[in-house]
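Reader: Could you take me through the packing inside this one, with a close look at the aromatic residues? I'd like one connected account rather than a list.

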Amino acid sequence: MKKTKIILSITLALVMTLALCACSFELGGDETWEYKANNKEGSVQLFNDFFEKTFANTNQVVTVKSGDETLYVENIDGTSDYVSYAASSNDTWSFIKEGEYIYAMNGEDTNFYMVGETNYNYGYFVYKSTISIAEKVPDGEGVTFNCESKGSSKDGKGSATFSLEIKNGDAGSIKITASSKDDLVETITFTSMSEGNTSTVTMTIVYGSASVTVPDISGWIKEEY
């Protein structure tokens with residue numbers, strides 16, 4: 001079974017007091033703002049605020065690429081999610097049927113599914129699990145956070161940018177940048193560096209065109225986990 005995963009292991013986090021700075025300016029109906037944080041607590045808060053409406057939107061198509069190569073395309077349609085992986089034949093679905101939470105995967109030799117909300121969450125909002133890295137970093141010594149969110153609006157229409165960099169000394173780092181329009185994120189860049197190797201993944205989100213066809217799993221193997 002093949003799954004595309006992007007894993008970055010960063011150990012330890014620097015315990016600091018909350019340093020969240022906010023600046024907002026309003027000029028003749030135009031508004032600009034800037035928020036900064038230099039620790040885990042503030043960075044997680046800024047991340048959650050910036051992506052709040054994006055993660056609340058349940059109709060989106062997310063294309064995830066490494067360079068020009070497509071890694072996977074994710075369709076989120078209501079409570080259903082379909083991920084098509086370019087590098088393998090293992091597509092996944094998460095959906096709710098008759099009150100039952102289901103995660104299903106097809107393969108070259110066998111098709112299987114698992115029941116339960118925990119299993120369902122493996123395949124629902126897959127890209128979110130990749131970029132929600134700040135909250136997974138344990139507190140400790142040696143890790144630094146540098147986070148910024150800023151934007152502007154006019155007549156109710158606005159755009160904003162977000163950046164978060166987490167470093168573990170010379171051991172490695174990650175950086176997430178994103179841009180949004182009217183509070184919905186449209187592009188994300190996720191860069192990780194470890195042992196001199198750099199990996200960059202880009203995500204593009206389009207809203208309102210997602211559609212998921214739930215498979216007939218009546219003949220599939222039920223796995224127990």
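Author: Here is a walk from the whole chain to its cores and then to the aromatic pairs. Keep in mind that this is a predicted model. The protein chain has three helices and 14 strands, and of its 225 residues, 40% count as buried. If you take the contacts with a separation of 6 or more, residues 24 or more positions apart account for 52% of them. On the outside, the chain exposes about 12,300 Å², with carbon and sulfur atoms supplying 47% of that.

Now for the inside. The largest nonpolar core has 40 residues, and the ones with the most contacts inside it are Phe-51, Tyr-127, Ile-131, Phe-162, Ile-166 and Ile-188. Helix H1, residues 40-56, gives the most to this core, with six residues. Ile-188 is a handy place to stand and look around: leaving aside neighbours within four places in sequence, Ile-188 is in contact with Phe-51, Tyr-127 and Ile-131, among others. Its contacts also include Ile-176, Thr-177 and Ala-178, along with Val-201, Thr-202, Met-203 and Ile-205. There's also a second, separate core of eight residues, and Trp-93, Ala-104, Ile-217 and Trp-220 are among them.

On to the rings. A search of the whole structure turns up 17 aromatic pairs. Take Trp-93 and Trp-220: their ring centres are 6.0 Å apart and their planes sit at 65°, so this pair is edge-to-face. Trp-93 belongs to strand E6 (residues 92-97), while Trp-220 is in the loop between strand E13 (197-207) and strand E14 (221-222), so the pair ties together parts that are 127 residues apart in sequence. Both tryptophans are tucked away under the 20% cut-off for buried: Trp-93 has a relative accessible area of 9%, and Trp-220 comes in at 16%.

Phe-125 and Tyr-127 make another pair, again with 6.0 Å centre to centre, but here the planes are 40° apart and the pair is tilted. Phe-125 and Tyr-127 are buried. They also belong to one aromatic cluster, which takes in Phe-47, Phe-50, Phe-51, Phe-55, Tyr-101, Tyr-120, Tyr-124 and Phe-162 as well. So Phe-51, Tyr-127 and Phe-162 turn up in this cluster and also on the list of residues with the most contacts inside the largest core. One last thing to look at is Phe-55, another cluster member: Lys-128 lies over the face of its ring, at 4.8 Å from the ring centre.

Key:
Residues numbered from 1 in each chain as written. Predicted model: local features only at pLDDT ≥ 70, side-chain atom pairs only at ≥ 80, totals over all residues. Heavy atoms only, no water. Core = buried A, V, L, I, M, F, W, Y, C linked by side-chain atoms within 4.5 Å. Buried < 20%, exposed > 50% of the residue type's maximum accessible area, 1.4 Å probe, protein only. Helix = DSSP H or I, 4+ residues; strand = E, 2+ residues; numbered from the N terminus. Contact = heavy atoms within 4.5 Å. Areas by Shrake-Rupley, 256 points an atom, 1.4 Å probe, with all protein chains shown as cover. Phe/Tyr/Trp six-rings, centres within 6.5 Å; stacked < 30°, edge-to-face > 60°. Lys NZ or Arg CZ within 6 Å of the ring centre and 35° of its normal.
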